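User: I am new to this structure. Please take a close look at the sheet in chain A and what lies around it, then go on to the other parts you can describe.

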Amino acid sequence: MHKLLMDHPGEKLFLLGNEAIARGAMEAGLAFATTYPGTPSSELSLNFFQMSRESDLYFEYSTNEKVALEVAAAAANAGVRTMCVMKHVGLNVAADALMTLAYVGVRGGLVILTADDPAMFSSQNEQDNRYYGKLSGLPILEPSSAQEAKDMMGYAFDLSESLQEPVIFRTTTRLNHSTAQVSLGEMKKRKPRGDFVKDPFNYVTVPAVSRKLHVKLLKNFEKAEELANSAPWNFIEGAGPWGIICNGVSYNYVADAVKDLKISDRVKILRVGFSHPMPGNLIKSFIRDCEKVLVVEEGEPYMEEAVRSFAQDAGNIGLIAGKRPDLFSRLFEYDPAMVRTTIAKFFGVPCEAPKIPDLSDIPALPQRPPNLCAGCSHRATFYAVNQATRGMETIHPTDIGCYTLGFLPPLSAGDFLICMGSSVSTGCGFSKTTDKKIISFIGDSTFFHSGMPGLVNAVFNNHDITLIILDNGTTAMTGHQPHPGVDMDALNFEGFHRISIESVVRGIGVEHVSVIKPYNVKKSISAIREAIDHKGVSVIIAKQACTLFERSLKKPHGKPFTVSDQCKNHRACINDLGCPAFFVENERVRINASLCSGCGVCAQICPEHAIVPLK
Amino acid sequence: METKRLIIVAVGGQGNLLASKVLGEAASRSNIPVRMSEIHGMAQRGGVVESAMIFGDAQSAIISDGEADILLGFEPLEALRALNRCNQNTVVITNTSPLPPFTAAIGKGVYPDLTTIKKLIAAKTGRLMTLDANALAKEAGNELSVNIVLLGALIKAGVLPVTAESVREAIAATTKKAFVETNIRAFELGYGAV
């Protein structure tokens, strides 16, 4: 049985934040969950997926976050407890649904989890999704630890049902990806079936209905603000003339700092865990007798601005600070020492900075950047494109996935990227405004997520672009989740259909479509040449299973290759491919046999045919 | 309880996430509070994988530069690169078996020689302990048990409040049945090597 399904209340498990959240949802009687995978939220969905195989929990990997939220919205309006999980930028995709779902509301509890990524460990921006609370009017809950995240989930569902509207559950990477001992609670019974009662004058958002619903949303806001003022998630610790207001993981750094600085007799802390609506009355009474107040929050001055406005409202003119050049930054994530020294500076108490040794005499160290895996078929495709376009001026709009790493030398196959699906549509813009050849790259999962509308646009408006769909049969970057093009039968999962990317592309009306096997270098190059010679939209589907996924499935791979004595040190293998299985020893090129997947691409490009299968 | 902060640095695929899981399990078995954080996702594709573990009474799950009490390096270059996480009292344990990054292989940067690496680490920290964990893993019967060999050395260093017995129990409870015997052997070899 899945460890998160076991009904052993009181037991302590060493759980990843994402596992604790999943457990909290299950304890709350979660019956329906949807997602589009995205780091740092991915393990949460993986656990739901696994649990759905052995319980009556319904879970799906939806095509994108907007679809996921719409599917979830209906389930919740049929009265079923539902969760919708995504990374922070996913909520941008789902925002259209979110804004009006806030008007319509829900009947069964709906919790929308958004996992923010301060410092951008695995994301294209570090937007602060607490502003989605302000934008939509919906409540936001933010835990500080794995245990609290689990406990807060039950409250989130209750809150959603009492307000009859979705609740946003906001986490950050350091919460999702930190592990701690979590004590389990009781499992509530799931109610997987509900009913939808027709009520079009409250559900069909024509202007006359929406005008009424917006009034309801604002009334709910007042109720929610009252709840925030008394919720146990907004608590005060300690007493003293100095005030610190903090949230999320920053609270942990503050708590440790106050202890380390031995100022607990002078400081009181307000930890805000129910952060939209902000608890106005609680804040006003907290700051009333404070000499000065420091707001500690990663990201934007979301709480700071609110606190200042409450202070103005209350006629309080004490110093309130947070984001300031000499205090906290809006950039990146915080850490314990940084929070400790900033608190010490602000309140004027002594503090020893950590003693980092003098590292000025350390030589420049070779970097270890992330790289496409040995044998990754994307590398083969990028190589073939570089060969096919030799001497041509090109622009390569790229997209979000492992293949984004192709922008690094020596492949240098990636020139522009803003968001999921943007490779196709930005290609359209570049093709109309420059004289360069546009060859865009998109992954299979990303194509289904949001690449298709761009391709429709390209065909309709007759843009001159070549789109290369890198089809490795999985959502590799986030941990090999399925997508609509995956052969689920082959993975022994029943009850799915498979959508052929080639049929979709042909159905959209692309005239020039070819499918290549990227490990076959010569044929790939000539197919790419033909595609870029075609005036208008052409699509190449580069089909080859993800080598990392194949290895994890224990599928047999090709025999490793080795470099024979024929090698004359041209080093095309290293200089043009950059496969990490290569290394240089005593000025000779070698192949690490345990890394080599046997794809044989290097053997095809070696001018001396010196790369041969290992006997 | 006194707070102890451990940083583990490794190269993707060396198994440091399993090592920290075993260690966390061992601490839990001894009722020692522990929090850990690690970085997943894009950073894992062949790059450096770092986990931070904090034992004892603290709420933070990450460790600031200069504040590690103990640094465990799965690879010597990565141990050297992580010196900014250490201070003059930090105990450093590192594997001496190098895994040169691809950049060095293609001539972008030079992999420093092992003597230099050891000298630099020893000069800037409290104490340096080294072992060839790859050789010991082989001796234990499984080349992939480098992580468990290093766990043995880590426990021997005596900085963390975790006992060897609790780690043995955690190995038996969390690693795959077929590997428990070799893993225990690997643990003992690492424990005896420093």
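Analyst: Helix α6 (residues 146–163) of chain A lies across three strands: β5, β6 (140–141) and β7 (167–172). The helix runs at about 160° to β7(A). This is a predicted model.

A second helix also lies across strands of chain A. Helix α2 (residues 42–53) of chain A covers β2, β3, β4 and β5 (110–116). Its direction is about 130° to β3(A).

Now the sheet. Seven strands of chain A form an open sheet in the order β3-β2-β4-β5-β7-β6-β12. The pairing is mixed. β3 (58–61) and β12 (274–276) of chain A stand at the edges. Each has a single partner strand, so one side of each is left without a neighbour in the sheet. Inside the order, β2 (residues 32–35) and β4 (residues 82–87) of chain A pair in the parallel sense, over 4 bridges. Ala33(A) stands opposite Met83(A) in β4(A).

Next, another strand pair. Strand β10 (residues 242–247) of chain A is mostly covered, with 6 of its 6 residues buried. Trp242(A), Ile244(A) and Cys246(A) point one way from β10(A). Gly243(A), Ile245(A) and Asn247(A) point the other way. Strand β11 (residues 267–272) of chain A runs parallel to β10(A), joined to it by 6 bridges. Asn247(A) stands opposite Val272(A) in β11(A).

Just before β10 of chain A there is a loop from β9 (234–237), and Gly240(A) sits in it. Gly240(A) is partly exposed, because 18 other C-beta atoms lie within 10 Å. Leaving out residues up to four places away in sequence, Gly240(A) touches Asp265(A), Arg266(A), Val267(A) and Lys268(A). Phe59(A) is 181 residues from Gly240(A) in sequence. In space the two are 48 Å apart, C-alpha to C-alpha.

Further along chain A, two helices pack together. They are α16 (residues 444–460) and α17 (residues 501–508) of chain A, at an angle of about 15° with axes 10 Å apart. That angle makes α16(A) roughly parallel to α17(A). The crossing of α16(A) past α17(A) is right-handed. From α16(A), the residues that meet α17(A) are Asp444(A), Phe447(A), Met452(A), Leu455(A), Val456(A) and Val459(A). From α17(A) come Ile501(A), Val504(A) and Ile508(A). By class, this contact of α16(A) with α17(A) has 8 nonpolar, no polar and 1 charged residues.

Chain A also meets chain B. Here 44 residues of chain A are in contact with 49 residues of chain B. Five elements of chain A each supply at least two residues to the side that touches chain B: β1 (12–16), β8 (178–183), α10 (248–260), α13 (336–347) and β21 (582–585). That side of chain A has 29 nonpolar, 9 polar and 6 charged residues. One strand pair crosses between the chains. β8(A) pairs with β2 (residues 34–38) of chain B in the antiparallel sense, over 3 bridges. Thr179(A) stands opposite Met36(B) in β2(B).

Last, a helix in chain B. The buried residues of α7 (residues 164–174) of chain B are Ser166(B), Val167(B), Arg168(B), Ala170(B) and Ile171(B). These buried residues of α7(B) pack against α1 (16–29), α6 (146–156) and α8 (180–193) of chain B.

Definitions and conventions
Residues are numbered from 1 along each chain as its sequence is written. Chains are lettered from A and ligands numbered from 1 in the order in which they are written. This is a predicted model: local features need pLDDT of at least 70, side-chain atom pairs count only at pLDDT 80 or more; totals for chains, interfaces and linings use all residues. Axes are lines fitted to C-alpha atoms, for helices over the stretch in contact, and angles run from 0 to 180 degrees between N-to-C directions. Angles under 35 degrees count as roughly parallel, over 145 as roughly antiparallel, 65 to 115 as roughly perpendicular and the rest as oblique. A crossing is left-handed if the near helix is turned anticlockwise from the far one by less than a right angle, and right-handed if clockwise. Two residues are in contact if their C-beta atoms, placed from the backbone, lie within 7 Å. Ala, Val, Leu, Ile, Met, Phe, Trp, Tyr, Cys and Pro count as nonpolar, Asp, Glu, Lys and Arg as charged, and the others, Gly among them, as polar. A residue is buried if 20 or more other C-beta atoms lie within 10 Å of its own, exposed if 12 or fewer, and partly exposed in between; C-beta atoms are placed from the backbone. Two strands pair if DSSP finds at least two bridges between them.
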